[in-house]
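Hi everyone, thanks for making time this morning. I'd like to walk you through one structure, starting at one end of the chain and then moving to a few residues that caught my eye.

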Amino acid sequence: MLGFEDKVVVVTGGNRGIGAAIVALLENLGAKVAYNYRSSPGEAGTLPIQADVTKPDEMAAMMEQVEAERGPVYGVVCNAGITRDGLAPNLTQDDWDQGIDINLTGSWNAVKAVLPKMYERKEGALVFISSIVGEHGNIGQANYAASKGAVISLAKALALEGARYGVRANTVAPGFIETDMLKPIPEKVQEKIIRQIPMRRFGKPEEIAWACAFLLSPEACCVITGETVAVNGGHHT
Ligand code: NDP
């Protein structure tokens, strides 16, 4: 369905949370899916590979393995990400570096490892997972906001450049989604956030997965590129 039969898609951080939902949905839609993880492989019945997105050589080796075992990579979803929160004066150099290295450079490393082949084959679709915080900023998340805003710009640049090579690049900007990432937010703060969301609830990982599937689809989405799709229950401030 949606043209995914025989298409190979790689999802970064596919072992849990939003990434695991993307892996599961794409598999159900007929794609051949591989994903990487850092700590433990998770439970998806596909091709899990241990690889750190901050290490270009590990991402290159991963893409080679996927192409050898599954075939030419058609799509990449750059999903792996972290938060390291704190008011700006309290952010350590390590907080800053980790946020940028994993969220921004990690996305670049995943794409860079396969983009030359996509350009050669004149086919490909990239989806970057940004955040509502990348669009609007947030108190206590200067590092995260900077990395997630940059991911949107990266997608726009690759969309312009990739168009002549048949490669599309789009971004999904989730609002607050029920995963481990929300766990450090105190319950009272979560309740306050929910009151700010017009639909009065957090999103579910599967709802992000559907947006990714649409943007990746060679049938449903063949002329959409450089776009950012907000999936946030109307939470646009
Ligand atoms: P989780 O914390 O549940 O999962 C994070 C994922 O990223 C894990 O699979 C983790 O792998 C992987 N990861 C982290 N660092 C690395 C690394 N160096 N190399 C490889 N994999 C890594 O987060 P979510 O599922 O909630 O988030 C997924 C994406 O969605 C992130 O980019 C996040 O910023 C974004 N997002 C999430 C929102 C939310 O409210 N949940 C809102 C907006 C955006 P491992 O388990 O092995 O560490």
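**A walk through the model**

Let's begin with Leu-2, which sits in the segment before E1. Before I say more about Leu-2, please keep in mind that this is a predicted model. Leu-2 counts as partly exposed, because its relative accessibility is 24%, and the cut-off for buried is under 20%. What does its backbone do? Phi of Leu-2 is near 65 degrees, a positive value in a residue that is not glycine. That deserves a second look, because most residues other than glycine have a negative phi.

Leu-2 has company in this respect. Arg-200 is not a glycine, yet its phi is positive, at about 55 degrees. You'll find Arg-200 in the loop that joins helix H7 (187-196) to helix H8 (205-216).

Now let me step back to the whole protein. How many helices and strands are there? The protein has 8 helices and 7 strands. Its C-alpha trace spans about 50 × 35 × 35 Å along the principal axes. For 237 residues, a compact globule would have a radius of gyration near 18 Å, and the 17 Å of this protein agrees with that. Buried residues make up 51% of the 237. If we take the contacts with a separation of 6 or more, 69% of them join residues 24 or more positions apart.

A word on the surface and the charges. The accessible surface comes to about 11000 Å², and carbon and sulfur atoms hold 54% of that. There are 22 positive side chains and 27 negative ones, with the centres of the two sets 4 Å apart.

Next, please turn to the loop between strand E1 (8-12) and helix H1 (17-28), where Asn-15 is found. Is Asn-15 buried or exposed? With a relative accessible area of 15%, Asn-15 is buried, because the limit for that label is under 20%. What does its side chain meet? A polar atom of the Asn-15 side chain lies 2.9 Å from the backbone oxygen of Ser-40. Beyond its neighbours within four places in sequence, Asn-15 is in contact with several residues, including Tyr-35, Asn-36, Tyr-37 and Pro-41.

Asn-36 from that list is worth a visit of its own. Asn-36 belongs to strand E2, residues 32-37, and is buried at 2% relative accessibility. Which backbone oxygen does its side chain reach? The answer is that of Ala-51, at 2.7 Å. Leaving aside residues within four places in sequence, the contacts of Asn-36 include Val-11, Thr-12, Gly-13, Gly-14 and Asn-15, and also Met-59 and Met-62.

Back in the loop between E1 and H1 we also meet Arg-16. This residue is partly exposed, with a relative accessible area of 47%, whereas Asn-15 is buried. Which side chain does Arg-16 contact? Its side chain makes a polar contact with the side chain of Asp-180, at 3.0 Å. For a sense of scale, Arg-16 and His-236 are 220 residues apart in sequence, and their C-alpha atoms lie 26 Å apart in space.

Let me move further along the chain to Ser-130, in the loop between strand E5 (124-129) and helix H5 (132-136). Ser-130 is buried, with a relative accessible area of 2%. How far is the C-alpha of Ser-130 from that of Ala-173? The two are 43 residues apart along the chain, and 4.7 Å separates their C-alpha atoms. Ala-173 is also among the contacts of Ser-130 outside the four-place window, together with Thr-171, Val-172 and Pro-174. Lys-148, Val-151 and Ile-152 are on that list too.

My last stop is helix H6, residues 142-162, which holds Lys-156. Lys-156 is partly exposed, at 41% relative accessibility. Its C-alpha is 7.0 Å from that of Ala-169, which is 13 residues away along the chain. Which residues does Lys-156 touch, not counting those up to four places away? They are Gly-226 and Thr-228.

If you open the model afterwards, I'd suggest starting with Asn-15 and Asn-36, which are in contact with each other. Thanks for listening, and I'm happy to take questions.

Terms used
Residues numbered from 1 in each chain as written. Predicted model: local features only at pLDDT ≥ 70, side-chain atom pairs only at ≥ 80, totals over all residues. Heavy atoms only, no water. Helix = DSSP H or I, 4+ residues; strand = E, 2+ residues; numbered from the N terminus. Buried < 20%, exposed > 50% of the residue type's maximum accessible area, 1.4 Å probe, protein only. Polar contact = N/O pair within 3.5 Å; in protein donor to acceptor, adjacent residues only side chain to side chain. Contact = heavy atoms within 4.5 Å. Rg over C-alpha atoms; globule rule 2.2 N^0.38 Å. Areas by Shrake-Rupley, 256 points an atom, 1.4 Å probe, with all protein chains shown as cover. Lys, Arg positive; Asp, Glu negative; His and termini not counted. Charge placed at Lys NZ, Arg CZ, Asp CG, Glu CD.
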